[in-house]
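Biologist: I am new to this structure and would like to learn how to read it, one feature at a time. Could we look at it together?

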Amino acid sequence: MAKKGRRKSSSDTSTMAVKRAYEYLRDKTIDFGFRPGERINEVELANVLDMSRAPVREALNRLVVGGFVGFEPGKGFFCRKFSVTEISELFGVREDLELAAARQTCQIASDEQLATLMTNWQAVVETNLSMSIDELIVSDEQFHIELASLAGNSERIRVLQNINERIRFVRKINIESKQRRIDFVGEHSKIAQAFLSRDEEKAVELMKYHLGLNSKELKANIHEGLARIYAEELV
């Protein structure tokens, strides 16, 4: 006689609801589905997600910890603001972490791991022109996380993933032109080859150049991002 599957407990259901609310809200804040500084209405969100306010509030509290949402006592939750200073600082921390990981990766990663990194990126090279910007950015993030993962240190990976999500909106604007997109893809190939050749100094130099270009036109990209979020010309 077949055993009946375990019925989901109320805690299971609650955990799933929080996870669903968290992922929905995280994605919405990453792409500024809310305007910067806009108050987030918990009741409306609960209705949209067809759940109670409790898991929505728990998801929002987690997003506050991750830097995606702000909270003001007596006022509630607000979408993160689009600050040039904050985004610049995130780019700086990202560069520090990635360059440290790059040196370690070059020293301890196996030849097989580095060859896999190159092979995986080669697949992107062959298909990137048919990829959307969102897909290319995800592939880029996977490349950098895979590279950093070869150095170990799970806490560094966790922080990098959080930073990637918080600066994604700006970085998508950075690669919209066809030439920048082509250069962007080529930079990754050169980086992967330097690691495969065990040329630590060249690998770090290429990484620094690549990460620097991502942040070079930061203010202009944030200005452009704000114009799109508010759908009007800024002066």
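**Reading a helix and a core**

Modeller: On the other side of H2 from its buried face, Glu44, Asn47 and Val48 are exposed, where exposed means over 50% relative accessible area, buried under 20%, and partly exposed in between (1.4 Å probe, protein chains only). This is a predicted model, in which local features need pLDDT of at least 70, side-chain atom pairs count only at pLDDT 80 or more, and totals for chains, interfaces and linings use all residues. Residues are numbered from 1 along each chain as its sequence is written, and side-chain values use heavy atoms, with hydrogens and water left out.

Biologist: Which residues of H2 are buried?

Modeller: An α-helix has 3.6 residues a turn, so residues three or four places apart point the same way. In H2, the buried residues are Glu42, Leu45, Ala46 and Leu49. Seen down the axis of H2, they fall within an arc of 100°, so they line one face of the helix; the arc is that of the directions from the helix axis to the C-beta atoms.

Biologist: What caps the N-terminal end of H2?

Modeller: Asn41 does, with a side-chain oxygen 3.0 Å from the backbone nitrogen of Val43. Just after H2, Asp50 takes a positive phi of about 55°.

Biologist: How many residues has the largest nonpolar core?

Modeller: In soluble globular proteins, nonpolar side chains tend to be buried together. Here the largest nonpolar core has 32 residues, and Phe82 and Ile87 have the most contacts inside it; such a core is a set of buried Ala, Val, Leu, Ile, Met, Phe, Trp, Tyr and Cys residues joined through side-chain atoms within 4.5 Å.

Definitions and conventions:
Helix = DSSP H or I, 4+ residues; strand = E, 2+ residues; numbered from the N terminus. Polar contact = N/O pair within 3.5 Å; in protein donor to acceptor, adjacent residues only side chain to side chain.
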